[in-house]
4 protein chains.
Amino acid sequence: MKFKVSGDIVYETYSDSTIILNIHALRTPGQTVLEESFTVEPYFKIEELVSEQGENRLARIEVPANTKVGFSYQALVDNSYRVLTRDDLYDVPVAAMDASVLPFLFPSRYCQSDKLYRLANNKFGNIEHPYAKVMALTEWIFRNVEYLSGSTDSQTSAYDTVTEQAGVCRDFAHLGIALCRALTIPARYFTGYAYQLNPPDFHACFEAYLGGHWVVFDPTKLCPLNGFIKIASGRDAADTAIANLFGNIFCHTIQTSCELCDEGFEPLFYDPSDIKAISYQ
Amino acid sequence: MKFKVSGDIVYETYSDSTIILNIHALRTPGQTVLEESFTVEPYFKIEELVSEQGENRLARIEVPANTKVGFSYQALVDNSYRVLTRDDLYDVPVAAMDASVLPFLFPSRYCQSDKLYRLANNKFGNIEHPYAKVMALTEWIFRNVEYLSGSTDSQTSAYDTVTEQAGVCRDFAHLGIALCRALTIPARYFTGYAYQLNPPDFHACFEAYLGGHWVVFDPTKLCPLNGFIKIASGRDAADTAIANLFGNIFCHTIQTSCELCDEGFEPLFYDPSDIKAISYQ
Amino acid sequence: MKFKVSGDIVYETYSDSTIILNIHALRTPGQTVLEESFTVEPYFKIEELVSEQGENRLARIEVPANTKVGFSYQALVDNSYRVLTRDDLYDVPVAAMDASVLPFLFPSRYCQSDKLYRLANNKFGNIEHPYAKVMALTEWIFRNVEYLSGSTDSQTSAYDTVTEQAGVCRDFAHLGIALCRALTIPARYFTGYAYQLNPPDFHACFEAYLGGHWVVFDPTKLCPLNGFIKIASGRDAADTAIANLFGNIFCHTIQTSCELCDEGFEPLFYDPSDIKAISYQ
Amino acid sequence: MKFKVSGDIVYETYSDSTIILNIHALRTPGQTVLEESFTVEPYFKIEELVSEQGENRLARIEVPANTKVGFSYQALVDNSYRVLTRDDLYDVPVAAMDASVLPFLFPSRYCQSDKLYRLANNKFGNIEHPYAKVMALTEWIFRNVEYLSGSTDSQTSAYDTVTEQAGVCRDFAHLGIALCRALTIPARYFTGYAYQLNPPDFHACFEAYLGGHWVVFDPTKLCPLNGFIKIASGRDAADTAIANLFGNIFCHTIQTSCELCDEGFEPLFYDPSDIKAISYQ
């Protein structure tokens, strides 16, 4: 499916600053960027980087003090995904995991899986099938955590959310990841543009490693799972921030959009009674 | 300098288990492994892996339930390091950092630099030279944090240690890393064998990125900085655990040794009045 | 029922120290201390105090440096309790609570009820009868938190235990209290001697305020609810520590006993299907 | 000195609610309430309570659902205080403290003194005179913690503030209390109306127990120490909230004022070089 996405961000600097943006659509075997533009107004040199982890696409810009600077990204992207069924989603033992997958088993800044070990195993440990396990914890987050804008901040972690039970997409994703890792299922953070997300914004969910595939899960259930344009993946939001800001600098406005440019889109939400899942890339 | 190092670890399993050990000496341009043996008793197949981050050397072994299994690593290693002076240790602006360095600016599980921003800047922000900054925070940790075996556990993080002011080498390193990152200096965790560490054990300290070099710092001051044989580096202990254990499995004993096999070793400890530092690799 | 209880504690001082012990059986309308002795060996002056909150009985002793000092408390105590049924255990609205009860609604050091509001209400908020609510949360703690000696320390709080799901009687009680308060049910910490507790030790559980009575609950289920000799009540363990130590001083040994001196004791454990509860005092 | 104080608070209820306000000026030997009015509009019955701890004056009101209710408190109050000098401010050993003072040595919800023991003693333990100790920690808070409206919330505690180094008067007070207790100096929370506080608001600071007096300290230095009209004291903000709200209820507006009604007011701020302090009551 083709989607037209855009991200527009304006900053104001009060000192010389460096901005690292991570809003470009990923280029992967399953996600083709057909057209793309990235502009800065007023003009400053843009340096493109590729992060070592996840191969995310970064843009680094130096901006002098006392400047109001606007970034505008637009792209036409064709995403595709693989539909997986029960047989595809088998358990991968640690002994068979590729070295590149292992880091996604370990705790990270916002996903302290080491502290959730007993809780995760008490709640979900007796569920046999690994996909059913991740579905169950995703449902549990959806039912128990209240989506409440402004209830959390950039320091909120899965350890907070599991008890305080309120947050935004970022917090839902971190909790999902932490619970997966506590169950010895690798999991990673996923950011992207999301079709039919209302109000429009950058979105976050997570991927769990099942049967050798990174299968996408979204405990917010705010938008269809097959309408994502992937920006980045990483251990958690610390790896995949939309923007890292260095200097005395403030975000003025953020605007995003995601429009469908094809016909025949059938929104997909997981159905617990039907083991069918999707994996991007 | 040549050192003979050894690590012997015994586990007991109560279920089928997978063990991932990270006790092999790294092979780097500056560290040559001249001889090496790694044995398991009784024998189980050993799979060697290289971690994507830090290129650490992992050994993965599957062990059946109810087994007492012993691992023995021995190596003769020639380490070398570069001595750096004031001119080498300049500030690297974020705008000039290589993409591979950026992740070491971000908070991680045990190094919540985002929470230490004001504290780090209040205490050390007015120190001009970046090396002097890291020296100052290293000294501050040494003077304020009590080395106290058993006072912390595997969940203790820099956020705890900065206030509770007690811990072991791991906690000292995490706090040093978190303070560096809060000052926009990339920093990473360093594990290794350590000459003259008493009692012998695996050791942890940290590296800060100054002037394009990973410069080693050890807030414990327990052993000379030029007597380390590097095992691994990573964001923090979550990346570089000596062992990751999956299954119902317990550590029985750990023993290490590190002996000098050369002459002319002059122990090096930093002197705050003399800007001279060392970087491995 | 008459019980003979004893507590023997030995300390060693390395500086001049002050010890405040709270191991005397309470004297209440329902609990009569028939005989009692409290000795210190070697002899130091004992000052008896009554805490303002809870009217707990404290003993304060000054001990010089480098002294091994032993305290021995023995008492013959007749405890009695009131058996309450469904009609007694009605909901008390905040508007009708006595001022002396209100502090037990507020969060305290180890019972951060303010952080558990959503979780408590998600899990137990839809249970109508207040006794059934407290029974349900007590059962939930019993089923989900593993009793594991040494898994927690003096800093562990309900906020930790709700997620980490391991602890000792103190942690079980703190979590019960925090959940009650989050449901607007006053709750307080209860320490005492406990008949049939194995191994013998000081015990902790909690009381919830239902129908104007302080009803006892014990999420550990380690001993019968009608075999307690109350020592103290308070907001949490910070108010009711067995000992507060000031100085460089260490606990050498603690021994307790609780023997039945009557016949006809019928151990009482709550039965979820039968609303019958007990209140001491 | 006579002051005219007022507090006006408006709430909106979305369910039947109970409100417990704590905005009345305390009546103490040193603080005389000359005139006073407390009105509710529209009218609901007001029940006056006295808290067991601190003898604070509470007003409890039941308000039905879907009501906008306004409370207005006005009082003319004559406050007085005792000026204390070096000789008055001696150290009180734990062995000589009244039982009513002991609870203010223990950790509480927002003042986890048990976690700050080493930090407090590393920083301030070598200062001999107890008043100089509390002055030093008050100055340290003033210099290191940034006063930043909106940077903290109702869950923020001294353990957070000591590291994050930003907050409001409540956070400054909690940190002062926690550090005192960690140094074995009893300390309690103080709320009141404050002359020359700009913008006007309810204020919080703390009292330390020195030489048998509760001596007032204010790490914010926002207003003179002799311009306070005391509302309440307690262990921390959990004991002395301006309002405790039970039900689905929101605060609409809060307004306060504090005007001087006498002549000859000389604003008093502590001078570290001059041991002179004040104690209310």
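**Exercise 1. The interface of chain B and chain A**

Task: In this predicted model, find the residue of chain A with which Arg235(B) forms a salt bridge, and describe the interface to which the pair belongs.

Solution.

Step 1. The partner of Arg235(B) is Asp239(A), and the closest N and O atoms of the two are 2.6 Å apart. A salt bridge requires a side-chain nitrogen of Lys or Arg within 4 Å of a carboxyl oxygen of Asp or Glu, so the pair qualifies.

Step 2. Next come the counts. There are four salt bridges across the interface of chain B and chain A. Polar contact is found for twelve residue pairs across this interface, both residues being at pLDDT 80 or more.

Step 3. Assign the chain B side to elements. Two or more residues each come from strand 2 (17-21), strand 4 (46-50), strand 5 (57-63) and strand 14 (243-246) of chain B. By residue class, the side of chain B that touches chain A has 17 nonpolar, nine polar and nine charged residues.

Step 4. Take the extent of the contact. Chain B contributes 35 residues and chain A contributes 35 residues. Between them the two chains bury about 2,800 Å², with 58% of this on carbon and sulfur atoms. On the chain B side, the residues that lose the most area to chain A are Ala95(B), Phe106(B) and Arg109(B), which together make up 20% of what that side buries.

**Exercise 2. The interface of chain D and chain C**

Task: Determine which three residues of chain D supply more of the area buried against chain C than any other three, and characterise the contact.

Solution.

Step 1. Start with the residue lists: 35 residues from chain D and 35 residues from chain C take part.

Step 2. Add the area. About 2,800 Å² is buried between chain D and chain C, 58% of it on carbon and sulfur atoms. Ala95(D), Phe106(D) and Arg109(D) are the three residues sought, with 20% of the area that chain D buries against chain C.

Step 3. Look at the charged pairs. The count between chain D and chain C is four salt bridges. One of the pairs is Asp114(D) with Arg109(C), where the closest N and O atoms lie 2.8 Å apart. In addition, twelve residue pairs are in polar contact across this interface, both residues at pLDDT 80 or more.

Step 4. Assign the chain D side. At least two residues each are supplied by strand 2 (17-21), strand 4 (46-50), strand 5 (57-63) and strand 14 (243-246) of chain D. The residues on this side comprise 17 nonpolar, nine polar and nine charged.

**Exercise 3. A sheet in chain C**

Task: Give the strand order of the open four-stranded sheet of chain C, and identify its edge strands.

Solution.

Step 1. The order is 4-5-2-14, and the pairing is antiparallel.

Step 2. Strand 4 (46-50) and strand 14 (243-246) of chain C each pair on one side only, which makes them the edge strands.

Step 3. Neighbouring strands of this sheet are turned by 20° against each other on average, direction ignored.

Step 4. Inspect one pairing. Strand 2 (residues 17-21) and strand 5 (residues 57-63) of chain C are joined in the antiparallel sense over five bridges. Within this pairing, Thr18(C) has Glu62(C) of strand 5 as its bridge partner.

**Exercise 4. A salt bridge within chain A**

Task: Locate the two residues of the salt bridge between Asp262(A) and Lys2(A) in the chain.

Solution.

Step 1. Over all chains, the structure holds 44 salt bridges. Among them is Asp262(A) with Lys2(A), with the closest N and O atoms 3.6 Å apart.

Step 2. Asp262(A) sits in the loop between strand 15 (249-260) and strand 16 (276-280) of chain A, whereas Lys2(A) is in strand 1 (residues 2-13) of chain A. The two residues are 260 residues apart, and the pair links distant parts of the chain.

Terms used:
Residues numbered from 1 in each chain as written. Chains lettered and ligands numbered in written order. Predicted model: local features only at pLDDT ≥ 70, side-chain atom pairs only at ≥ 80, totals over all residues. Heavy atoms only, no water. Pairing = 2+ DSSP bridges. Axes fitted to C-alpha atoms, helices over the stretch in contact; angles between N-to-C directions. Contact = heavy atoms within 4.5 Å. Buried area = accessible area lost by both parts, 1.4 Å probe. Polar contact = N/O pair within 3.5 Å; in protein donor to acceptor, adjacent residues only side chain to side chain. Nonpolar A, V, L, I, M, F, W, Y, C, P; charged D, E, K, R; others polar.
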